[in-house]
Amino acid sequence: MSVTEQSARSRRLMGLFLALLALVIGQGSVFSILPPLAREVGMSTFEVGLVVTLSSAVAFLCGPWWGRRVSRIGSRRVILEGLWGSFLIFVLFGIAGALALGGALGATWFFAVLAIGRGLLFGIFLAAVIVASYAAVPT
């Protein structure tokens, strides 16, 4: 492998690393904010656990679909789709949290928004980034 090829590979891997780092930081932020926020608005521990579990289950189920999509359009585009979708879900989480803390969104509605946004949609986009990242690493 030439020096130019190694340099190009290093840049691709650094971009992938930064994309995954951004996703993990966002995920870690949600994990640290969600329990006290949920307690403050009156959600149960079971409901919080259900939202987190739903996200992981959806990511597991959507993986094969994203794998086929990576084969069709490429890993870079799928990673970007996953990151943009995750970003939008994080924004939705922030807005819903602010509304819930302000009293404009009750515990039941906050749970519904979290279950759909953080649980279902985030799980879909999380799977995109995970699957496409595996495909993007050259062997």
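This note goes through the nonpolar cores and one helix pair of the structure, which is a predicted model.

1. The largest nonpolar core is made up of 17 residues, and within it Trp66 and Val78 have the most contacts. Four helices each supply at least two residues of this core, namely H1 (3-41), H2 (45-73), H3 (75-101) and H4 (107-136). The largest share, six residues, comes from H4.

2. Leaving aside residues up to four places away in sequence, Trp66 touches Val78, Glu81, Ile124, Ala127, Ala128 and Val131. Trp66 and Val78, the two residues with the most contacts inside the largest core, are thus also in contact with each other.

3. Separate from this there is a second core, which has 16 residues and includes Leu37, Ala38, Phe111 and Leu114.

4. Two packed helices are described by the angle between their axes and by the distance between those axes. For H1 and H3, the axes come within 11 Å and cross at roughly 20°. Because angles under 35 degrees count as roughly parallel, H1 and H3 are roughly parallel to each other, and the crossing in which H1 passes H3 is left-handed.

5. On the H1 side, the residues that meet H3 include Arg12, Leu16, Ala19, Leu23, Gly26 and Gln27, and further along Val30, Ile33, Leu34, Leu37, Glu40 and Val41. On the H3 side, the contact is formed by Arg76, Ile79, Leu83, Ser86, Phe90, Phe93, Gly97, Ala100 and Leu101. Sorted by class, this contact of H1 with H3 has 14 nonpolar, four polar and three charged residues.

Technical notes: Residues are numbered from 1 along each chain as its sequence is written. This is a predicted model: local features need pLDDT of at least 70, side-chain atom pairs count only at pLDDT 80 or more; totals for chains, interfaces and linings use all residues. Side-chain values use heavy atoms; hydrogens and water are left out. A nonpolar core is a set of buried Ala, Val, Leu, Ile, Met, Phe, Trp, Tyr and Cys residues joined through side-chain atoms within 4.5 Å. Buried means under 20% relative accessible area, exposed over 50%, partly exposed in between (1.4 Å probe, protein chains only). Contact means heavy atoms within 4.5 Å. Axes are lines fitted to C-alpha atoms, for helices over the stretch in contact, and angles run from 0 to 180 degrees between N-to-C directions. Angles under 35 degrees count as roughly parallel, over 145 as roughly antiparallel, 65 to 115 as roughly perpendicular and the rest as oblique. A crossing is left-handed if the near helix is turned anticlockwise from the far one by less than a right angle, and right-handed if clockwise. Ala, Val, Leu, Ile, Met, Phe, Trp, Tyr, Cys and Pro count as nonpolar, Asp, Glu, Lys and Arg as charged, and the others, Gly among them, as polar.
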